[in-house]
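Reader: I'm new to this structure and would love a close look at one part of it. Could you pick a residue, walk me through its surroundings, and then show me a few other spots worth a visit?

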Amino acid sequence: MECLNNDISLSSGINAEYGVISIGKTDSCQSPPEIIPENEEMEAPLLACISAYLGMTLFFLFGRFRDWLRSWGWDTTMEAVEYGNSGFVPLYNTFEALYRRYVYQRIRHLFCHPVAGVPGAEVEIWDRKFQAYNEHEKVMPTKRKYLNIGSYNYLGFAENNGSCAKQTIQEIRFGAGTASASSRSELGTHAIHNELESLMAQFVGKQDAIVFGMGFATNSLNIPSFVDEGCLLISDELNHASLIKGAKLSGAKVKVFKHNDVKDLERILKKSVIEGQPRTRRKWKKILIVVEGIYSMEGTICKLPEIVALKKKYKAYLYLDEAHTIGAVGPTGRGVCDHYGVDPADVDILMATFSKSFGAVGGYIAADKDVISHLRSQSHANIYATSMSPPVCRQTMAATEAIMEREGVRRINQLADNTRYFRAELKKRGYVIYGDNASPVVPMLLFSIAKICAFAKAAMEKGLASVIVGFPGTPILGARVRFCMSASHTRQHLDRVLEILEELEPSIGMKLSTKRAS
């Protein structure tokens, strides 16, 4: 494989206990480091399965029984009933809203916390008061400080001081102001947009790039510009909602392969190439494989080298979403290509967002010049959406430039150190964690909705702000706590998180792993 460039790059050294990344110089053309065996995903314990399914069964029965009481006027609680539109068809299906009414509504106080400051290693959150079974919420004038283990602030650039913040403030005061009030194709393109696009293309190793004001729209509104009717889009089953929405909007035939399973991907590719389009059996106009760098609910890194080999073998195109890998993965922070030593030229379309590692908002697509020129004239996100705010562009540029310099090197290595240390400690203590060792997204499986709710409530009382995810965001048995590592975390922060987990373990029962690291 040809080397992307001949510059001196950073090597990754692995500590015997925690795999700490160290700084050192090496030839960037050297072979990638040996892949360390990752955590094996385990099935839910039998007791957890019984508890989860029994709880869902009871919830369904009691929920339907209460709906029946309400239909006869014996239950007068109105917080879950649509009213005030007599004679109109209901806006939503009451049966489909069953879960929201009797599960989410009762635990809504554990979600959507109003943040009162910068989401750094610590974060301030406004207190809230709920009434009428959490139907009514009132934000109180008081706030508390929590240890933040849930934000996507991978490199710690989401801050209100330092070089990035100063440059952003200068852009507001002496630059292009706060907004363009127009789309890129009309009067919304400033010099700073072109500068940012050139910088991102240089950073990821592509000929050109185009930026957008919203990460979700970068996927959902641009995928239809690449494929349409008569094309085949092959998607990982755990792809983000923005990728799924883009696939649906495109009009292309969509096929789904098992998560990160290259054998299943090849099976679909081979069958699709042989059989062609349904009914007519004509060959596909084009085949596009869509994957993510890191899957944010699983913490797994895509098997990019194998996927690249398959796309070359079957003459398909590859669309790679690096929202959670750019800046956060790889010795120089250049994402999953950097992590595996894959030439970016082998990936047709590189996409990422600025809302994680860059402490900003928006997204970009990087590819060959012809591809980007096509997007400039065909993308709905470029033609109709308001362009990216100039101060946000400046924040993104400042963060990118920092990543390419020594300060970025320090943050990248700090993030890698924190990730390996925290994963190793969780595994050693008997918690069930998913994902790859290099992934800063660390899901801890609890399997039960009741357990994640108990954990979130108790953790907040201990001063820990985290993210919990359950059905329908995951399978019924996939309830989990999702930790996100950051370069802003110190070893003391992570040790405090581990202490809190140990304090909560006796009452919740979170150590469900049948294998513990020695």
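Author: Happy to! Please keep in mind that this is a predicted model. Let's start with Glu292, which belongs to strand 8, the stretch covering residues 287–292.

Is Glu292 paired with an opposite charge or left without a salt bridge? Although Glu292 is buried, it has no salt bridge. The nearest side chain of opposite charge is that of Lys356, and it is 8.2 Å away. A salt bridge would need the charged atoms to be within 4 Å. What the side chain of Glu292 does have is a backbone partner: one of its polar atoms lies 2.6 Å from the backbone nitrogen of His240. His240 also appears among the residues that Glu292 touches once those up to four places away in sequence are set aside. Leu238, Asn239 and Leu243 are on that list too, together with Cys302, Leu320 and Asp321.

Now for some backbone features. Most residues other than glycine have a negative phi, and most peptide bonds are trans. Arg281 has a positive phi, near 65°. You will find Arg281 in the loop that runs between helix 7 (262–275) and strand 8, so this loop leads us back to the strand that holds Glu292. Phe447 has a positive phi as well, near 70°, and sits in the loop between strand 12 (441–445) and helix 14 (449–461). Which of the two words, buried or exposed, fits Arg281? Arg281 is exposed, with a relative accessible area of 52%, whereas Phe447 is buried, at 2%.

Next comes a peptide bond to look at: the one joining Phe471 and Pro472 is cis, with omega about 10°. Pro472 lies in the loop between strand 14 (467–469) and strand 15 (480–484).

Let's finish with a sheet. Three strands form an open sheet in the order 3-4-13, and their pairing is mixed. Strand 3 (122–131) and strand 13 (464–465) are the edge strands, each pairing on one side only. Strand 3 and strand 4 (residues 136–148) run antiparallel and are joined by nine bridges. To see this pair up close, find Glu122, which stands opposite Leu147 in strand 4. Helix 15, made of residues 491–508, packs on this sheet and touches strand 3, strand 4 and strand 13. The direction of helix 15 makes about 115° with that of strand 4.

Terms used
Residues are numbered from 1 along each chain as its sequence is written. This is a predicted model: local features need pLDDT of at least 70, side-chain atom pairs count only at pLDDT 80 or more; totals for chains, interfaces and linings use all residues. Side-chain values use heavy atoms; hydrogens and water are left out. Helices (H or I, at least four residues) and strands (E, at least two) are DSSP runs, numbered from the N terminus. Buried means under 20% relative accessible area, exposed over 50%, partly exposed in between (1.4 Å probe, protein chains only). Lys and Arg count as positive and Asp and Glu as negative; His and the chain ends are not counted. A polar contact is a pair of N or O atoms within 3.5 Å; within protein, one must be able to donate a hydrogen and the other to accept it, and residues adjacent in sequence count only if both atoms are side-chain atoms. Contact means heavy atoms within 4.5 Å. Two strands pair if DSSP finds at least two bridges between them. Axes are lines fitted to C-alpha atoms, for helices over the stretch in contact, and angles run from 0 to 180 degrees between N-to-C directions.
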